[in-house]
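Walk me through this structure, one helix and its charged side chains at a time. Keep it short and concrete.

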Amino acid sequence: MASVIFRAGRILAGRRTGPAPLAGGWELPGGKVERGEADEQALRREIVEELGVAVSLGERVGGDWPLGRYVLRVWLATIDDDALPQPLQQHDQLAWVDLDDLDAVPWLPGDRAPVLAAAELLRRPRPGP
């Protein structure tokens, strides 16, 4: 599971610390589902563990994104209470990446397509109140 955490025209990326083949690559925050967890429950738990913030999940981005022997499921998300995320686990740096400059970080190959799809969703006009 992964989240496209967005705020003010930017999305949050984390630089991986490991395992070795992924270290230094940038990804969307998230993690694996544990036995007995629903996808959304797992994603909210993982974000608290990795970033120390609670999120509200919104629209799902695409379907199942193949990721080796796994699949990646992605949701749009916002941070509750304007808290500041911190790289607590799995990441040594965080960056807010502008939707108009998505190549500002070298995304891991498995995250690139979901990032582009999410950016497309976020650029669409939203209905007013």
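**A helix and its salt bridges**

Start with a charged pair. Arg 45 and Glu 37 form a salt bridge, and their closest N and O atoms lie 2.6 Å apart. This is a predicted model.

How exposed or buried are the two partners? Arg 45 has a relative accessible area of 19%, so this residue is buried. Glu 37 is at 17% relative accessibility and therefore counts as buried. The cut-off behind both calls is under 20% relative accessible area.

Now place Arg 45 in its helix. Helix H1 runs over residues 39-51 and has 13 residues. From its first C-alpha to its last, H1 reaches 18 Å. That is close to the 18 Å expected at 1.5 Å a residue. Just after H1 comes Gly 52, with a positive phi of about 75°.

Arg 45 has further partners. One is Glu 46: the two side chains meet in a salt bridge at 3.2 Å, N to O. Glu 46 counts as buried because its relative accessibility is 11%. Another is Glu 49, whose side chain meets that of Arg 45 in a salt bridge, with 3.2 Å from N to O. Where do Glu 49 and Arg 45 sit relative to each other in helix H1? They are four residues apart, so about one helical turn separates them. Glu 49 has a relative accessible area of 31%, which means this residue is partly exposed.

These contacts belong to a network. Salt bridges link Glu 34, Glu 37, Arg 45, Glu 46 and Glu 49. For the structure, the count comes to ten salt bridges.

Return to the helix and its buried side. Which residues of H1 are buried? Charged ones are Asp 39, Arg 45, Glu 46 and Glu 50. The others are Ala 42, Leu 43, Ile 47 and Leu 51. What covers the buried residues of H1? The cover includes strand E1 (2-7) and strand E2 (10-16). It also includes strand E4 (55-67), strand E5 (70-79) and strand E6 (91-98).

Put the two views together. Arg 45 and Glu 46 are among the buried residues of H1, and both are linked in the salt-bridge network.

Conventions:
Residues numbered from 1 in each chain as written. Predicted model: local features only at pLDDT ≥ 70, side-chain atom pairs only at ≥ 80, totals over all residues. Heavy atoms only, no water. Helix = DSSP H or I, 4+ residues; strand = E, 2+ residues; numbered from the N terminus. Expected span 1.5 Å × (residues − 1). Buried < 20%, exposed > 50% of the residue type's maximum accessible area, 1.4 Å probe, protein only. Contact = heavy atoms within 4.5 Å. Salt bridge = Lys/Arg side-chain N within 4 Å of Asp/Glu carboxyl O.
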